[in-house]
Amino acid sequence: MSDEQTHQEPNTVISLSVPADPAEPMIGYLRYDGLRFAYLRREALSKLEPSWQAYGVYVLLGVDDSCGPGEYRAYVGQATTLTSRLSTHRSDRDKDWATHMLIFARAANPEFAFNLAEIGWLEGRIHAMLERAQYARVENRRSTGNSGLDSTARAALENLARPISAVMRALGYSTATPEQDQGLLERARTRTATYHGVKVVDLINEGLLEVGATLRPTTPLYEGEAEVLQDGALLVQGERFDSPSPAAARITGGTRNGWEFWGAAAGDGSLVSLKELRAQLGDTSETDD
């Protein structure tokens, strides 16, 4: 067995109850992740049981004439009372494109329910994943800022990104990100075969990173965000940094290799570091900036 196979993430186990009536909500459970989810047409919101009036996150989903092949529109949010918040969205004519709703919450037992800080963090994580997905068109900007959660809580929530991605893919909403496009990678490698010293702007130019993408620390020991600017600079806490390592130092308070520190949300729910993206272009150097 190869090293790649031995380090492969385990498959996600999803239990999904599909009702005979297609107008009824589909209820599912992520067996080993402590999450339940509901997938429903917007007209079926009133058919959810009272336990869904809970803390959680949601994605509004739809396809209309403005979407290209394989594309879908998405709106990511959080709520302390899910069904009430979704009822407000259902009445919003500007969201008539959202034909379906995907809702995530903890088990119905209040002892294990999410709190406000957790749903805020998770909303941002899902938003970051979908804003990089090639076929998703995210319709809303999310609020920024620290959640106040400790590193243990952030690590536990980070583990939920993979199963949430798996549910979306199982329902037919692709979360694939640019570095997972083999055709794009082959073209990029050909163009940069003799070039080393890749910069963040090169990742943008080769389609592996998007202007406006949100980067996060690859370790739960730190919390912060960086926005990718047009010229490859990073915006952290309102301050511009021309390369990743000084941007990382702004968060850590000390010297860090920013190419290893900063990661972009990948389509499988993981974080792919800037160093890994740089390696896609044939630059495997161990230097930072």
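A residue is taken as buried when its relative accessible area is under 20%. By this criterion, 47% of the 289 residues of the protein count as buried in the predicted model described here. The protein has 10 helices and 13 strands. Among contacts with a sequence separation of 6 or more, 64% are made by residues 24 or more positions apart.

An open sheet is formed by 7 strands, arranged in the order S1-S2-S3-S6-S4-S5-S7 with mixed pairing. The edges are occupied by strand S1 (14-17) and strand S7 (136-138); each has a single partner strand, so one side of each is left without a neighbour in the sheet. From one strand to the next, the twist averages 25°. At the S1 edge, S1 pairs with strand S2 (residues 26-30) in the antiparallel sense over 4 bridges, and Ile 14 has Leu 30 of S2 as its bridge partner.

Several helices are placed against these strands. Helix H3 (residues 116-132) lies across strand S4 (56-62), S5 and S7, and runs at about 165° to S5. H5 lies across S1, S2, S3, S4, S5 and strand S6 (100-106), with an angle of about 150° to S6. In helix H2 (residues 82-90), the buried residues are Leu 82, Thr 83, Leu 86 and His 89. Viewed down the axis of H2, these buried residues fall within an arc of 115° and therefore line one face of the helix. An α-helix has 3.6 residues a turn, so residues three or four places apart point the same way. The buried residues of H2 pack against S4, S5 and S6.

A search of the whole structure finds 5 aromatic pairs. One of them joins Tyr 39 and Tyr 173 in an edge-to-face arrangement, with 6.2 Å from centre to centre and 70° between the planes. This pair links distant parts of the chain, as Tyr 39 belongs to strand S3 (residues 35-41) and Tyr 173 to the loop between helix H5 (161-170) and helix H6 (182-191), 134 residues apart. Tyr 39 has 10% relative accessibility and so counts as buried; Tyr 173, at 9%, likewise counts as buried. Tyr 173 also pairs with Tyr 72: the ring centres are 5.1 Å apart and the planes stand at 70°, so this pair is edge-to-face. Because Tyr 72 lies in strand S5 (residues 72-79) and Tyr 173 in the loop between H5 and H6, the pair ties together parts that are 101 residues apart in sequence. Tyr 72 is buried, as is Tyr 173. Tyr 39, Tyr 72 and Tyr 173 form one aromatic cluster.

Beyond the open sheet, the pairing of strand S8 (residues 214-217) was examined. S8 pairs in the antiparallel sense with strand S9 (residues 226-228) over 2 bridges, in which Leu 215 is matched with Ala 226 of S9. S8 is also joined by 3 bridges to strand S12 (residues 262-265), again in an antiparallel arrangement, and here the bridge partner of Arg 216 is Gly 263 of S12. The charged end of Arg 216 sits over the ring of Trp 121, 5.1 Å from the ring centre. A further arrangement of this kind involves Arg 278, whose charged end sits over the ring of Trp 259 at 4.5 Å from its centre.

Trp 121 is also among the contacts of a buried arginine, Arg 154. Arg 154 lies in helix H4 (residues 151-158) and has 8% relative accessibility, so it counts as buried. When residues up to four places away in sequence are not counted, Arg 154 touches Trp 121, Leu 149, Pro 220, Leu 221, Tyr 222 and Glu 223.

A buried lysine is found in the loop between H2 and S6, at position Lys 95. The relative accessible area of Lys 95 is 12%, and the residue is therefore buried. Leaving aside neighbours within four places in sequence, Lys 95 is in contact with Arg 42, Leu 60, Tyr 75 and His 89. Of these contacts, His 89 is one of the buried residues of H2.

How values were computed:
Residues numbered from 1 in each chain as written. Predicted model: local features only at pLDDT ≥ 70, side-chain atom pairs only at ≥ 80, totals over all residues. Heavy atoms only, no water. Phe/Tyr/Trp six-rings, centres within 6.5 Å; stacked < 30°, edge-to-face > 60°. Buried < 20%, exposed > 50% of the residue type's maximum accessible area, 1.4 Å probe, protein only. Lys NZ or Arg CZ within 6 Å of the ring centre and 35° of its normal. Pairing = 2+ DSSP bridges. Axes fitted to C-alpha atoms, helices over the stretch in contact; angles between N-to-C directions. Contact = heavy atoms within 4.5 Å. Arc of directions from axis to C-beta.
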